[in-house]
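Subject: Structure handover and notes

Dear colleague,

I am passing on the structure we spoke about, together with its sequence, so that you can have both open while you read. My notes on what was found follow below.

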Amino acid sequence: MEFKGSSVYDQTDFFKNYMTRRNRNDSPNNAIEGPIIYELIGSFQGSSVLDLGCGDASFGKEPLHLGAKSYTGVEGSKQMVEAAHLNLLEQNGTIHLETMESYDYPLEAFDIVTSRFAIHYVSDIYNLFENIHKTLKENGKLTFSIQHPLTTSSFASKKTGDKRGNWIVDDYFHEGERKEPWIDQIVVKYHRTIEHYFTALKQAGFTVLELREGTPKREHFSSEDEFVRRQRIPIVLAFSCVKLTKSYF
């Protein structure tokens, strides 16, 4: 059986195994992607934050501790939403059981929109980026990460869920669905080129400020072997964008 979007996280065994993997010190989430996202966002002080595909909202606690005015999470998995409510007890946070596609984006409501390792599950990024642009205030920031397109490109590079020792980069310009074995399930992701993401962001009205490919840094790893392995191929692609103030003449 294959799963699209966040539906796989409602499988109990998958959910438990995923949380164990993600919480490892040397997981890509903690050792590579996390430091980049915090660096790109910068200050949360006084900001209203929207987190798309927020998972268990463990990230949501941090902006609130760092001075964010409010935190709103959007998550399509019921199990993840239940965990998110527990994580945000007595915090100024709101969680919506919605997908990124079904959420009703309020007009000019947020200072920061973020999404971490989730947008590669969305089939229509043009509509998504337009909705995000609409919901940001002027000069608001969009900062998000996805699985690097070099690792999603090949139809043949990952036919099992085993830990990789090598990678095949192929079919890069053949965009579309990729069905990937992951934690004993099949999940559907959408492969796009870096150029495609850049073009979609520009078309939606964003100015792209920075792009990061997840260069590993030794200080974020507890294992030397894992640090060396992660230097072989990029697994994270992150964008920092802004919705600029309109000019009137």
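The notes go through two helix pairs, then a few single residues.

Please keep in mind throughout that this is a predicted model.

Helices H5 and H7

I would begin with helix H5, which covers residues 125–135, and helix H7, which covers residues 194–204. Their axes come within 9 Å and cross at roughly 40 degrees, which makes H5 oblique to H7, and the crossing in which H5 passes H7 is right-handed. On the H5 side the contact is made by Ile125, Tyr126, Phe129, Glu130 and His133, while H7 contributes His196, Tyr197, Thr199, Ala200, Leu201, Gln203 and Ala204. Sorted by character, the residues of this contact of H5 with H7 comprise seven nonpolar, four polar and one charged.

H7 deserves a second look for the way its residues are distributed around the helix. The buried residues in H7 are His196, Tyr197, Ala200, Leu201 and Ala204. When one looks down the axis of H7, these buried residues fall within an arc of 130 degrees, so they line one face of the helix. Glu195 and Gln203, on the other side of H7, are exposed. What do the buried residues of H7 pack against? Their partners are H5 together with four strands, namely E6 (136–147), E8 (185–191), E9 (207–212) and E10 (236–242). Directly after H7 comes Gly205, and its phi is positive, near 110 degrees.

Helices H1 and H4

The second pair consists of helix H1, residues 12–22, and helix H4, residues 78–87. The axes of H1 and H4 come within 10 Å and cross at roughly 50 degrees, and H1 is therefore oblique to H4. Thr12, Phe15, Tyr18 and Met19 of H1 make the contact with Gln79, Met80 and Ala83 of H4, and the residues involved in this contact of H1 with H4 divide into five nonpolar, two polar and no charged.

Ala83, which lies in H4, can be followed a little further. With a relative accessibility of 17%, Ala83 counts as buried, because the limit for that class is under 20%. Once its neighbours within four places in sequence are set aside, Ala83 is in contact with Phe15 and Asp56. Asp56 is 27 residues away from Ala83 along the chain, yet the C-alpha atoms of the two are separated by 5.0 Å.

Leu88 and Leu211

Leu88 is found in the loop between H4 and strand E4. Is Leu88 buried or exposed? Its relative accessibility is 6%, and Leu88 accordingly counts as buried. If residues up to four places away in sequence are not counted, Leu88 touches Ala57, Gly60, Lys61, Leu64, Tyr71, Gly93 and Ile95. Leu88 and Ser58 are 30 residues apart along the chain, and their C-alpha atoms are separated by 8.1 Å.

Leu211, by comparison, is in strand E9, one of the strands against which the buried residues of H7 pack. Leu211 is partly exposed, with a relative accessible area of 39%. Leaving aside neighbours within four places in sequence, the contacts of Leu211 are with Ile194, Leu237, Ala238 and Phe239. Between Leu211 and Leu237 there are 7.3 Å from C-alpha to C-alpha, although the two are 26 residues apart in sequence.

Two loop residues with positive phi

Finally, you may want to look at two places in the backbone. Glu108, in the loop between strand E4 (93–97) and strand E5 (110–116), has a phi near 45 degrees, which is a positive value in a residue other than glycine. Asp171, in the loop between helix H6 (149–152) and strand E7 (176–182), likewise is a residue other than glycine with a positive phi, here near 55 degrees. Both residues are partly exposed, Glu108 with a relative accessible area of 38% and Asp171 with one of 22%.

With best wishes

Notes
Residues numbered from 1 in each chain as written. Predicted model: local features only at pLDDT ≥ 70, side-chain atom pairs only at ≥ 80, totals over all residues. Heavy atoms only, no water. Axes fitted to C-alpha atoms, helices over the stretch in contact; angles between N-to-C directions. Parallel < 35°, antiparallel > 145°, perpendicular 65-115°, else oblique. Left-handed = near helix turned anticlockwise from the far one by under 90°. Contact = heavy atoms within 4.5 Å. Nonpolar A, V, L, I, M, F, W, Y, C, P; charged D, E, K, R; others polar. Buried < 20%, exposed > 50% of the residue type's maximum accessible area, 1.4 Å probe, protein only. Arc of directions from axis to C-beta.
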